[in-house]
Amino acid sequence: MTFARLASLLVLSAALASSPASAETQLKVFLSSQGQPAVWRKAMDQFEASHPDIKVTIELGGATSDVQAQYLNTVMSAKDPSLDVLILDVIRPAQFAAAGWLAPFPGKDLHAYLRPYAEANSVDGKVVALPAFADAMFLYYRKDLLDKYGIAPPKTWDELATAAQKVTDGEHNPSLQGLSFQGKAIEGAVCTFLLPYWSQGKTMAEDGKLTFDRDAATKALALWKSLVDKGVAKKNISEVATDDTRKEFQAGNVVFAVNWGYAWALAQGVGSPVAGKVAVARLPAVAGGEQSTCLGGWEWGVSAYSKHQEEARALAEYLSSPDVSKFVAINGSLLPTYPALYSDSEVTKAAPWFAEAIPVVQTARARPATPRYNEVSEVIRTTVNAVLAGASTPADGATQIESRLKRILR
């Protein structure tokens, strides 16, 4: 793909055109180190080419959403103007907007984007951020091994446990795990909990009010602990973070893995031991339940403390445009934020699995949207970790989550 058509999009608003940036206006973009920064850099180079008076630099953040949020909380709390455009986990716009840290996008229409992202980036009728790329949790699996043993992708967690046991028994490889998922006390553990909880048809909160179901929570926690006790997942799964799962699967040491879209390009990349042997499917359901997945994705926000508001908004709108979404999909395997791109021939040629991904992304469920999300997350992730480590029982863990959330979400 070329940027010929992309360049035509890069016209700043009339206000910006009539008041051009002073020479060498510097914009600094905060970007995730795990979010294909080299691909985004190429897109920013094109922005600079069309706006020679604006120079864009990148500041890379930590490898996880939590580390990035901790850093940004410090920067924004200090009203530091050094960052102009921020990439934010999909759970952050509501929090950052409530804190007054984001400059809105007046008059911006989000209807062209995938519906979950239009909702995630709108707070009290204001557009506070723009979609960067979409994401959801998928079930990655070793297609070669499932084919070898005549196993179809599992639709329930019980089917997955049986399939994993059959493969690992047949392979006689002590390094081969049946399943890897996030058990460490990180944001990923919140999704770990929610997958089987949602599958039972339950919600966590509605309109900011707690709708927690303790019995469903107990079953959700018990499911994960049972997979550890049966040997489907390894004993120290409570120490496993998102990229640990990716690395183990990519090394060929896992049959099934729960992970985000970013893992696809790495698993299928040059030199990967599992390249050509990987497929993805919808995540399994609990017996009698519905298949559910957790909405991910990243958003572009403009710092309320940026000294270059108009230029920063122009850059964020460019980075969120259809052509850039297509570019990062083709060159970085980042899921598009526009529905039409999932059937675009160039996109599906570069990433054939995207054609199967859109129903997963469109039906993914968002984590509770609340300005106090950090507290909600802390309660769930630490409890999940304690249960998986054997420091708490599923029943006690569910009771603890309920009692603590009642104090947060009244």
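**Helix packing, a mixed sheet and a disulfide in a predicted model**

Helix 10 passes helix 17 in a right-handed crossing, in a model that is predicted. Two packed helices are described by the angle between their axes and the distance between the axes. For helix 10, which spans residues 214–229, and helix 17, which spans residues 373–388, the angle is about 35 degrees and the axes lie 9 Å apart. On the side of helix 10, the residues that meet helix 17 are Leu 221, Trp 224, Lys 225 and Val 228, and their counterparts in helix 17 are Val 384, Val 387 and Leu 388. Sorted by class, this contact has 6 nonpolar residues, no polar residues and 1 charged residue.

Strands of a sheet pair through backbone hydrogen bonds, either parallel or antiparallel. In the model, an open sheet of 4 strands is found in the order 9-12-8-13, and its pairing is mixed. The edges of this sheet are formed by strand 9, residues 177–180, and strand 13, residues 278–281, each of which pairs on one side only. From one strand to the next, the twist averages 15 degrees.

The pairings can be followed across the sheet, beginning at strand 9. Strand 9 and strand 12 are paired in the parallel sense, and 3 bridges are found between them; within this pairing, Ser 180 has Ala 257 of strand 12 as its bridge partner. Strand 12 in turn pairs with strand 8 in the antiparallel sense, over 4 bridges, and here Asn 259 in strand 12 is the bridge partner of Phe 138. Strand 8, which covers residues 138–142, also runs antiparallel to strand 13, and 4 bridges join the two. In that pairing, Tyr 140 is matched with Val 280 in strand 13. As for burial, strand 12, residues 254–259, is mostly covered, since 6 of its 6 residues are buried.

A disulfide is a covalent bond between the sulfur atoms of two cysteines. The count for this model comes to 1 disulfide, formed by Cys 191 and Cys 294, whose sulfur atoms are 2.4 Å apart. The two cysteines link distant parts of the chain, being 103 residues apart: Cys 191 belongs to helix 9 (residues 187–199), whereas Cys 294 is placed in the loop between strand 13 and strand 14 (295–303). The torsion about the S-S bond of Cys 191 and Cys 294 is about -50 degrees, and the disulfide is therefore left-handed. Because its relative accessible area is 0%, which falls under the 20% limit for burial, Cys 191 is buried. Cys 294 likewise counts as buried, because its relative accessibility is 0%.

Burial also characterises helix 14, which runs over residues 322–332. Of the 11 residues in helix 14, 8 are buried, so this helix is largely enclosed by the rest of the structure. The buried residues of helix 14 are Asp 323, Val 324, Ser 325, Lys 326, Phe 327, Val 328, Ala 329 and Gly 332. Helix 14 is followed by Ser 333, and the phi of Ser 333 is positive, near 55 degrees.

Positive phi values were also computed at two loop residues. Gln 36, although it is not a glycine, has a positive phi of about 55 degrees, and its place is in the loop between strand 1 (25–32) and helix 3 (37–50). With a relative accessible area of 25%, Gln 36 lies between the limits of 20% and 50%, so this residue is partly exposed. His 172, which is not a glycine either, has a positive phi of about 50 degrees and lies in the loop between helix 8 (157–171) and strand 9, the latter being an edge strand of the sheet described above. Because its relative accessible area is 69%, and thus over 50%, His 172 is exposed.

A further residue to be described is a proline within a helix. Pro 359 lies in helix 16, which comprises residues 354–363. At a relative accessibility of 42%, Pro 359 counts as partly exposed. Although Pro 359 and Arg 282 are 77 residues apart along the chain, their C-alpha atoms are separated by 9.2 Å.

Technical notes:
Residues numbered from 1 in each chain as written. Predicted model: local features only at pLDDT ≥ 70, side-chain atom pairs only at ≥ 80, totals over all residues. Heavy atoms only, no water. Axes fitted to C-alpha atoms, helices over the stretch in contact; angles between N-to-C directions. Left-handed = near helix turned anticlockwise from the far one by under 90°. Contact = heavy atoms within 4.5 Å. Nonpolar A, V, L, I, M, F, W, Y, C, P; charged D, E, K, R; others polar. Pairing = 2+ DSSP bridges. Disulfide = S-S within 2.5 Å. Buried < 20%, exposed > 50% of the residue type's maximum accessible area, 1.4 Å probe, protein only.
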